[in-house]
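Hi,

Here is the structure I said I would pass on. Have a look at it first, and then read my notes underneath.

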Amino acid sequence: MKKVVVLTGAGISAESGIKTFRDADGLWEGHDVMQVATPEGWAQNPELVLEFYNQRRRQLHEVQPNEGHKALVHLEEKYDVTIVTQNVDNLHEKAGSSRVIHLHGELLKVRSTRHPELVYDWPGDLRSGDLCEKGHQLRPHIVWFGEMVPMMDVAMEEARKADIFMVIGTSLLVYPAAGLIHYAPSHSRKYLIDPKPSDVSGVSDLVTLAKTATEGVPHVVRELLGNQLSL
Ligand code: OAD
């Protein structure tokens with residue numbers, strides 16, 4: 001089976017109703033990113049950070065995967081598919097994708113501030129005073145700016161084995177995720193699907209589709225499945 005590695009960003013979830021980061025006005029759902037997505041912001045005002053992610057978590061229970069997420073599930077009928085997502089939502093899993101690597105963490109998980117290996121499923125609100133089993137405050141399981149990206153090594157290994165590499169709905173501005181495409185073999189076919197595609201120079205065999213995820217992803221998936229599917 002040929003291997004497809006897919007890098008997704010906020011754009012794939014936009015048509016499900018989750019705002020992207022950089023399409024608005026530099027704010028993320030009305031907040032300064034430095035206040036809600038950095039260790040410094042957490043140290044300064046943990047209540048604000050907790051409430052911010054509580055809101056995001058609540059929103060997640062109300063949104064559904066779209067035709068872009070769903071098309072990637074169909075791809076598994078003929079390909080070995082790994083999704084590497086920068087998104088902290090769970091819409092790939094909700095759609096039914098079997099292998100999803102979250103580079104920037106997951107909204108529905110929390111972890112200990114003192115023992116990062118203690119990670120818990122957390123579907124509801126997180127409050128100050130919620131502790132890990134060793135008695136330390138829990139925090140959102142999100143990779144904030146300035147923090148390590150522990151899943152990057154796994155993602156790079158996957159990219160190196162790709163026969164086909166797809167990039168969907170990302171501005172490709174945040175590293176190391178943005179560099180992943182450069183680990184795909186030069187002979188592998190690459191697709192970039194984004195209504196405002198970023199300039200990806202130095203990448204061979206690249207097909208760019210300036211389309212939204214719900215148009216562009218089913219289109220490419222249909223092509224890869226030999227037009228056998230009525231998506
Ligand atoms: P961005 O907000 O930077 O980029 C969103 C991309 O989605 C842009 O290229 C848009 O053109 C595209 N887009 C918008 N609507 C779309 C649609 N309907 N279909 C397809 N694409 C669409 O989001 P990311 O690139 O994901 O990190 O941002 C990367 C990281 O920066 C995020 O993971 C987050 C943020 O800070 C952390 O939280 C650690």
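What follows is a short tour, from the whole chain down to a few single residues.

One thing to keep in mind from the start: this is a predicted model.

**The chain as a whole**

You'll find 8 helices and 11 strands in the chain. Its radius of gyration is 18 Å, close to the 17 Å that the globule rule gives for 231 residues, so the chain is as compact as a globular protein of that length. If you lay the C-alpha trace along its principal axes, it spans about 55 × 30 × 30 Å.

Half of the story is inside: 50% of the 231 residues count as buried. As for the outside, the accessible surface comes to about 11,000 Å², and carbon and sulfur atoms account for 50% of that. I also looked at how far along the sequence the contacts reach. Among contacts with a separation of 6 or more, 62% are between residues 24 or more positions apart.

On charge, there are 24 positive and 31 negative side chains. The centres of those two sets lie 2 Å apart.

**Two cores**

The largest nonpolar core has 23 residues. Inside it, the residues with the most contacts are Leu-7, Val-84, Leu-103, Phe-165, Val-167 and Leu-180. Three elements give two or more residues each: strand 1 (3-8), helix 7 (152-160) and strand 9 (164-168). Helix 7 provides the largest share, with 4 residues.

Apart from this core lies another one, of 22 residues, which includes Tyr-79, Ile-193, Leu-209 and Ala-213.

Leu-7 is a good place to zoom in. Leaving aside residues up to four places away in sequence, Leu-7 touches Val-84, Gln-86, Phe-165, Met-166, Val-167, Ile-168, Leu-172, Ala-177 and Leu-180.

**Some residues to click on**

Start with Met-166, in strand 9. Met-166 is buried, with a relative accessible area of 0%. Beyond the residues up to four places away in sequence, its contacts include Val-4, Val-5, Val-6 and Leu-7, as well as Leu-72, Leu-75, Tyr-191, Ile-193, Val-220 and Leu-224. Met-166 and Ile-83 are 83 residues apart along the chain, while their C-alpha atoms are separated by 9.3 Å.

Next comes His-92, which sits in helix 6 (residues 91-95). Is His-92 buried or exposed? It counts as buried, at 1% relative accessibility. Again setting aside residues up to four places away in sequence, His-92 touches Thr-8, Ile-12, His-69, Leu-72, Ile-83, Thr-85, Ser-97 and Val-100.

Another histidine, His-31, is found in strand 3 (residues 31-32). His-31 has a relative accessible area of 19%, and it counts as buried because the cut-off is under 20%. With residues up to four places away in sequence not counted, His-31 touches Val-36, Leu-48 and Phe-52.

Last on my list is Pro-176, in the loop between strand 9 and strand 10 (189-193). Pro-176 is partly exposed, with a relative accessible area of 32%. Which residues does Pro-176 touch, not counting those up to four places away in sequence? They are Val-149 and Met-152. Pro-176 and Val-149 are 27 residues apart in sequence, and 7.9 Å apart in space, C-alpha to C-alpha.

Cheers

Conventions:
Residues numbered from 1 in each chain as written. Predicted model: local features only at pLDDT ≥ 70, side-chain atom pairs only at ≥ 80, totals over all residues. Heavy atoms only, no water. Rg over C-alpha atoms; globule rule 2.2 N^0.38 Å. Buried < 20%, exposed > 50% of the residue type's maximum accessible area, 1.4 Å probe, protein only. Contact = heavy atoms within 4.5 Å. Areas by Shrake-Rupley, 256 points an atom, 1.4 Å probe, with all protein chains shown as cover. Lys, Arg positive; Asp, Glu negative; His and termini not counted. Charge placed at Lys NZ, Arg CZ, Asp CG, Glu CD. Core = buried A, V, L, I, M, F, W, Y, C linked by side-chain atoms within 4.5 Å.
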